[in-house]
Amino acid sequence: MAKIIGGITTSHIPAIGNAMASKLENDPYWKRFFDGYEPVKAWLEEVKPDVAIIVYNDHGLNFFLNTVPTFALGCADEYHNDDEGWGIPTTASFKGDAQFSWHLAESLINQNFDLTTCQEMKVDHGCVVPMSLMWRHLPEWPCKLIPLAVNTVQHPLPSAQRCYDLGKALRKAIESYPEDTKVVIFGTGGLSHQLQGERAGIIDVEFDMECMEYIVNDPDKMTAFSNTEIMEKAGTEGIEVIMWMVMRGALAPNVNVLHKHYHAPISNTGAGVLLLTDAKD
Amino acid sequence: MVWQKHDYEDIPGTYVFNGERSHSGYNLNKMAFSFNHEANRKEFAADMDAYCRKYNLSDEQREAVLAGDFLKLLHLGGNVYYLAKIAIFHGLTVQDAGASFQGITTAEFKKKLEDNAEGFQEALKKRGGFWHG
Ligand SMILES: [Fe+2]
């Protein structure tokens, strides 16, 4: 049977992609940020997942505003990164797992999550930066990718509660797949940042730490926030934290924290990293 | 016919990108989306005015694109991720645009970010459980 072996959260901003492309890992601005990923990379090396489900949002590569699915699942054998228009280098393509994806789609739709299925889906920095953060040191991607895109661009967005519930349904979907497949699930984006308007540049360290605490120990406190409340504190782009709730919903009610890292600012962003596994009880 | 009001409209200095904005900025954002293709970037760079007309931007939107007035473009329905695809033609990053929205320099904007995060390592230590290298 397929099994979730852990959940990871990470920022996915393009500046990180550019820093990796320019090999700035030891640059004083970046070093503490990148060093904080080493324990997660070591853990991945040890557990060797077969599939990474990356929960992310598209920022105008695959989905234009003509069609904005609230939840969209990649159901393809391969995924490609592509030109986003402003110069972030394109990465190698990714192998998918169409059979597993279609099983997930069927299970989720049967659980009343009416998501969009995508047999062609370009994956943008939101998906690619997390993959690169974990595995750019290897000659090829060591596991398959299943992208799960959440609309965090054009309101109305799904609530934190809805994302959490999607995660719970996703767990059922994964655990009902008959193949022995080790799955790691990524919640990406966030934490606090606002790119737009006169209020651009806010970072709220206290709120970010509170979110990380709630996500680990008290997810119901996180789902109690409305999207407006999250945007007031974390900024309009900080709303991406709702995607961390999909990851959290897919884990057990109690979790072990194997790693917790925070750095700010990275470009415009407060950047949080969590590595969580199911607690035994 | 009326656009629904939302509680997030009270957040100062903030333009939550919703149906109303997406509707008014559709052509502008569609033009920006076309810049994912290099041939379109070249065509735009060769004659920005003509390219804006091809995508049926309003006069106000077209003038703001040519002037690189990103706050105006936000007011006119531009989405920040799509504006990033336009900013590059003015030699600007998202951080430069962030500065221009509030009429400060990029250096001042970066300082603001540093100030907002000031003391974060102490805060992490107080809360406990965070990696410190
Ligand atoms: Fe993002």
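I take two residues to be in contact when heavy atoms lie within 4.5 Å. The model is predicted.

**Entry: A:E25**

I looked up A:E25 first. Leaving aside neighbours within four places in sequence, A:E25 is in contact with A:A19, A:M20, A:W30, A:K31, A:F34 and A:R136. With A:R136 there is a polar contact, side chain to side chain, at 2.8 Å. A:E25 sits in the loop between α1 and α2 of chain A. Is A:E25 buried or exposed? Its relative accessible area is 19%, and the cut-off for buried is under 20%, so I enter A:E25 as buried.

**Entry: A:S11**

I then went to the loop between β1 (3–10) and α1 (14–21) of chain A, where A:S11 is found. A:S11 has a relative accessible area of 0% and is buried. Beyond four places in sequence, I list contacts of A:S11 with A:I16, A:Y37, A:V129, A:P130 and A:L133, among others. The list also includes A:G189, A:G190 and A:T269. I also noted that the A:S11 side chain reaches the backbone nitrogen of A:I13, at 3.4 Å.

**Entry: aromatic rings**

I counted ring pairs over all chains and got 22 aromatic pairs. Why is the pair A:F100 and A:Y177 stacked? The ring centres are 4.4 Å apart and the planes stand at 25°; planes under 30 degrees apart count as stacked, so A:F100 and A:Y177 are entered as a stacked pair. A:F100 is in helix α4 (residues 98–110) of chain A, and A:Y177 is in the loop between α6 (160–175) and β8 (182–188) of chain A. The pair therefore ties together parts 77 residues apart in sequence. Both A:F100 and A:Y177 are buried.

I also found a cluster linked by ring pairs, made of A:Y29, A:W30, A:F33, A:F34 and A:Y37. Two of these names were already in my notes, since A:W30 and A:F34 are in contact with A:E25. A:Y37 had come up in the contact list of A:S11.

**Entry: interface of chain A and chain B**

How many residues does the contact take from chain A and from chain B? I get 50 residues from chain A and 50 residues from chain B. The buried area between chain A and chain B is about 4500 Å², with 60% of it from carbon and sulfur atoms. On the chain A side, A:F64, A:E198 and A:K260 supply 15% of the area buried against chain B, more than any other three residues. I looked at A:K260 again and found it over the face of B:F130, 4.2 Å from the ring centre.

For polar links across this interface I noted 22 residue pairs in polar contact, both residues at pLDDT 80 or more. The elements α2 (31–35), α7 (205–217), α9 (227–234) and β9 (255–266) of chain A each supply at least two residues of the side that touches chain B. The largest share of that side of chain A, 7 residues, comes from β9(A). The interface has 2 salt bridges. B:R127 forms a salt bridge with A:E206, with the closest N and O atoms 3.7 Å apart.

**Entry: salt bridges over all chains**

The count over all chains is 18 salt bridges. In helix α6 of chain A, A:R171 and A:E175 lie 4 residues apart, about one turn of the helix. Their side chains meet in a salt bridge at 3.4 Å, N to O. A:E175 is partly exposed, at 35% relative accessibility.

In chain B I checked B:K42 and B:E38, whose salt bridge runs 3.8 Å, N to O. Because they are 4 residues apart in helix α3 of chain B, about one helical turn separates them. B:K42 counts as exposed at 56% relative accessibility, whereas B:E38 counts as partly exposed at 47%.

Helix α9 (residues 106–117) of chain B holds B:K111 and B:D115, 4 residues apart. The salt bridge of B:K111 and B:D115 is at 3.1 Å, N to O. B:D115 is partly exposed, at 37% relative accessibility. I also noted a salt-bridge network linking B:D49, B:R53, B:D59 and B:R62.

**Entry: B:E43**

Last, I looked up B:E43, in helix α3 (residues 38–46) of chain B. B:E43 counts as partly exposed at 36% relative accessibility. Which residues is B:E43 in contact with, leaving aside neighbours within four places in sequence? I found B:Y51 and B:K54. The side chains of B:E43 and B:K54 are joined by a polar contact of 2.8 Å. I also took the C-alpha separation of B:E43 and B:L113, which are 70 residues apart along the chain, and got 36 Å.

Methods
Residues are numbered from 1 along each chain as its sequence is written. Chains are lettered from A and ligands numbered from 1 in the order in which they are written. Side-chain values use heavy atoms; hydrogens and water are left out. Rings of Phe, Tyr and Trp (its six-membered ring) pair if their centres lie within 6.5 Å; planes under 30 degrees apart count as stacked, over 60 as edge-to-face and the rest as tilted. Buried means under 20% relative accessible area, exposed over 50%, partly exposed in between (1.4 Å probe, protein chains only). A charge sits over a ring if NZ of Lys or CZ of Arg is within 6 Å of the ring centre and within 35 degrees of the ring normal. Buried area is the accessible area (1.4 Å probe) that two parts lose on being put together, summed over both. A salt bridge is a side-chain nitrogen of Lys or Arg within 4 Å of a carboxyl oxygen of Asp or Glu. A polar contact is a pair of N or O atoms within 3.5 Å; within protein, one must be able to donate a hydrogen and the other to accept it, and residues adjacent in sequence count only if both atoms are side-chain atoms.
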